[in-house]
Amino acid sequence: SSDLGRREVTTGFGLVPVSVASQPAVSKETLRQLGNEQFSMQLPEGFTWNEKFILAKTHIFEQSVTPNDPYGKWKVGLTIDEVFANTLAEVGSCDEIADRIAGLERDKDGNFSTEVVSARTVSLGDIPTYLIEYKCDTSRGFYRYLTRVAIAKGRLYTVTSQALEDQWRDLQESTRKAFE
């Protein structure tokens, strides 16, 4: 079929059909996006990204990357899961989802505190997404998270940045740009 030479690739948070032949081969040194042919996002600019090996994947799709030092503890990941909902509103409001995420973090071993910093709805065309920022002080470190979630056609799409709180000031501008 003539469609075999085409694939859906995203720019930012939206889908754009492009020819596979027009895509250059991407090596580990030039990794610029996370995702697959159904969904992807551009990584924050100005860093050299390395894909992390995930031994036991627990999602339909899962990918995680880290930049080179001194930001090696910063992680950006994307997951896709099947859910029994077609919109975020069926699951809860932005504030309700933010509170659920914070509750899950609080229940983890080694969690000292978790605080939601902000939660807001950001549209992706006609699909609402939730952009949630929170911070967690844990036995493994004090981290700032920025998470964007969307549900479409029974799939939950989650993109998360996890950075050390003391490095967040250096990373937040490029992270926010990639997530919005």
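**Exercise 1. Describe how S10 and S11 pair and how they are connected.**

Solution. S10 and S11 are joined in the antiparallel sense over ten bridges; strands (E, at least two residues) and helices (H or I, at least four) are DSSP runs, numbered from the N terminus, and two strands pair if DSSP finds at least two bridges between them. Within this pairing, Arg 148 has Val 159 in S11 as its bridge partner. The two strands form a hairpin with two residues between them, and Lys 153 in the turn has a positive phi of about 50 degrees.

The model is predicted: local features need pLDDT of at least 70, side-chain atom pairs count only at pLDDT 80 or more, and totals for chains, interfaces and linings use all residues. Residues are numbered from 1 along each chain as its sequence is written, and side-chain values use heavy atoms, with hydrogens and water left out.

**Exercise 2. Place S11 in its sheet and state which strands stand at the edges.**

Solution. The open sheet has seven strands in the order S5-S6-S7-S11-S10-S9-S8, with antiparallel pairing. Strand S5 (49–51) and strand S8 (111–124) stand at the edges; each has a single partner strand, so one side of each lacks a neighbour in the sheet. From one strand to the next, the twist averages 20 degrees.

S7 is joined to S11 by eight bridges. Thr 79 has Thr 158 as its bridge partner in S11, and Gly 77 stands opposite Thr 160 in S11.

**Exercise 3. Determine how the helices lie on the sheet and whether S11 is enclosed or open.**

Solution. H1 packs on the sheet and touches S8, S9 and S10, contact meaning heavy atoms within 4.5 Å. The direction of H1 makes about 150 degrees with that of S8; axes are lines fitted to C-alpha atoms, for helices over the stretch in contact, and angles run from 0 to 180 degrees between N-to-C directions. Helix H2 (residues 168–179) lies across S7, S9, S10 and S11, at about 160 degrees to S11.

Seven of the ten residues of S11 are buried, so S11 is largely enclosed by the rest of the structure; buried means under 20% relative accessible area (1.4 Å probe, protein chains only).

Conventions:
Buried means under 20% relative accessible area, exposed over 50%, partly exposed in between (1.4 Å probe, protein chains only).
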